[in-house]
Amino acid sequence: MISQAWMVMATIYAIQMCLMVESLPEANKIAGLPGQPQVSFQQFAGYITIDEKQNRALFYYLAEAETDPASKPLVLWLNGGPGCSSIGAGAFCEHGPFKPSGNVLVKNEYSWNKEANMLYLESPAGVGFSYSANKSFYSSVNDEMTARDNLVFLEHWFDKFPEYKNRDLFITGESYGGHYVPQLAHLIIQSKAKFNLKGIAIGNPLLEFNTDFNARAEFFWSHGLISDATYEAFTSVCNYSQIRRQIQSGSLTPLCSGVNSQASREISKFVDGYDVTLDVCLSSIVSQSQVLNRLQDSEKIDVCVEDETVQYLNREDVQKVLHAQLVGVTEWSVCSDILQYDMQNLEVPTIPILGSLVKSGIRVLVYSGDQDSVIPLTGTRMLVNGLAKELGLNTTVPYRAWFESRQVAGWTQVYGNILSFATIRGASHEAPFSQPERSLVLFSAFLGGKPLPEAILSVTPIRI
Ligand SMILES: *[C@@H]1O[C@H](CO)[C@@H](O)[C@H](O)[C@H]1NC(C)=O
Ligand SMILES: *[C@@H]1O[C@H](CO)[C@@H](O)[C@H](O)[C@H]1NC(C)=O
Ligand SMILES: *[C@@H]1O[C@H](CO)[C@@H](O)[C@H](O)[C@H]1NC(C)=O
């Protein structure tokens, strides 16, 4: 025990020394990630100290824009959980420049750093490589603490990268990011921080507990995952918001438990709730052959990419190049095992915050991968529609299909030219993971403040 404690202290001391020496961005520059193809853009990764006394630091990864980074905005990305890593999920499974494949990284043709300088943050402390030396921090973390630390992160990060300080800033994320993103944006405005915040975008976000959770049953039913009888039970016996609440408080009633297990049995364990049409990663051990088989099937999505990310980020050579340390944990994981997040916060509605942002002139995009059953599009669409009504925003783009190439990429509606809703057709909870091309089109339109592409009408026969 004593020697372990000593080692932790020695590690912390070493990190402190590094932080002192490495206050310049050059020290955080990534020479090249192991196994990556050659690229022309710069990458940085490292720690930003949030609280010096408590020795709490957040880990980030910056992938500068592929071309002309000085003219492109800065986009912060936050995955949800609460407690999951934006680098593991966002950067390596969704829209970062590379995806792990075996021992190497392959270029992601639809990476978001084609349009922006992408800043991925592992937040709060206790997630990924981010840490608090004082472990009692982990015992109760909530939305307010997360937003505060994220704000301090940005302030200190801009000190390190002053050329970004006046750049257009967008805050984006998904899932529980439906809390993190608007809450941080709101705090930036409240604190009068001199950032050039232009807009936020959130995918399959948790916005309102009851609506979001209760949209699940209908989604399962309409997609054929549960029977008529089970759907009926959800509407008359016990619904998902009740089930979730009861599970959280450890008091699942026999009635609700019955409905829940009936549904689980029908859905089966072999469907991924985050995308009811996508195949699941059956085993990380056989993932290589899985991937190969899949490619032979001309299926481009590697459903095992998360397992490969875990292996990649746990490599010592990778951690060294990233300037990352494992503090108080023995391995890096996608979602934190040590963080005890205040689950009551799930019930905090963030729709009013979106309203307040719109009133401050911040562009808001809410989008939904339409194959996600965890936070289904129907609940989200209803919430955004309700917000528009409440704000008195008229529809500026009526509900219509939007296009990528010549195929429907989803549907969209815009209110008051500032609040937008869009679906991404065939996309999962982590939309850019399963529909990278469509997601990039949506992202690009959002940054540019442009309407989503319409059908290409041609009077002459189409030539390719
Ligand atoms: C550690 O953090 C807890 C709560 O966050 C605080 O009460 C305590 O004083 C801290 N311990 C030290 C040694 O600073
Ligand atoms: C879920 O169940 C609760 C308790 O019966 C009820 O108040 C609520 O209206 C239900 N929600 C839906 C969407 O059915
Ligand atoms: C919204 O539409 C109504 C009815 O057409 C109109 O009276 C109102 O002025 C519009 N509001 C805005 C903010 O444009």
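Start with the whole protein in view: its secondary structure comes to 15 helices and 13 strands (both are DSSP runs numbered from the N terminus, helices being H or I with at least four residues and strands being E with at least two). What you have open is a predicted model, where local features need pLDDT of at least 70, side-chain atom pairs count only at pLDDT 80 or more, and totals for chains, interfaces and linings use all residues. Residues are numbered from 1 along each chain as its sequence is written, while chains are lettered from A and ligands numbered from 1 in the order in which they are written.

Stay zoomed out for a moment. Of the 464 residues, 47% count as buried. Here, a residue is buried if 20 or more other C-beta atoms lie within 10 Å of its own, exposed if 12 or fewer, and partly exposed in between, with C-beta atoms placed from the backbone. Look at contacts too (two residues whose C-beta atoms, placed from the backbone, lie within 7 Å): among those with a separation of 6 or more, 70% are between residues 24 or more positions apart.

**Stop one: strand β2**

Select residues 56–63. This is β2, and because 8 of its 8 residues are buried, the strand is largely enclosed by the rest of the structure. Turn on side chains: R56, L58, Y60 and L62 point one way, A57, F59, Y61 and A63 the other way, and all are buried. In a regular strand, side chains alternate between the two faces of the sheet.

Now add the partners of β2 (strands pair if DSSP finds at least two bridges between them). Which strands should you select?

- β1, residues 43–51, runs antiparallel to β2 and is joined to it by 8 bridges. Click A45 and you'll find its bridge partner in β2, Y61. The hairpin of β1 and β2 has 4 residues between the strands, and there N55 takes a positive phi near 55 degrees.
- β6, residues 117–122, is also antiparallel to β2, with 5 bridges. Y61 turns up again here, standing opposite Y120.
- β7, residues 131–132, is antiparallel to β2 with 2 bridges. Pick R56 and look across to S132, its bridge partner in β7.

**Stop two: helix α4**

Next, select residues 177–190. Helix α4 has 14 residues and reaches 19 Å from its first C-alpha to its last, close to the 20 Å expected at 1.5 Å a residue (the expected span is 1.5 Å times one less than the number of residues). Is α4 mostly covered or mostly open? It's mostly covered, with 11 of its 14 residues buried. Among them are H179, Y180, L184 and I188. To see what the buried residues pack against, show β3 (74–78), α3 (143–160), β8 (168–174), β9 (196–203) and α12 (351–359). After the helix comes K192, whose phi is positive, near 55 degrees.

**Stop three: a loop**

Jump to Q325, in the loop between α11 (316–322) and α12. Q325 counts as partly exposed because it has 19 C-beta neighbours inside 10 Å. Add G128: it is 197 residues away along the chain, yet the two C-alpha atoms are separated by 9.7 Å.

**Last stop: the ligands**

Select ligand 1, then Q54, N134, S136 and F137, the residues around it (each has its C-beta atom, placed from the backbone, within 6 Å). That shell divides into 1 nonpolar, 3 polar and no charged. Ala, Val, Leu, Ile, Met, Phe, Trp, Tyr, Cys and Pro count as nonpolar, Asp, Glu, Lys and Arg as charged, and the others, Gly among them, as polar. Finish with ligand 2, surrounded by N214, N239, S241 and Q242; this shell has 4 polar residues, no nonpolar and no charged.
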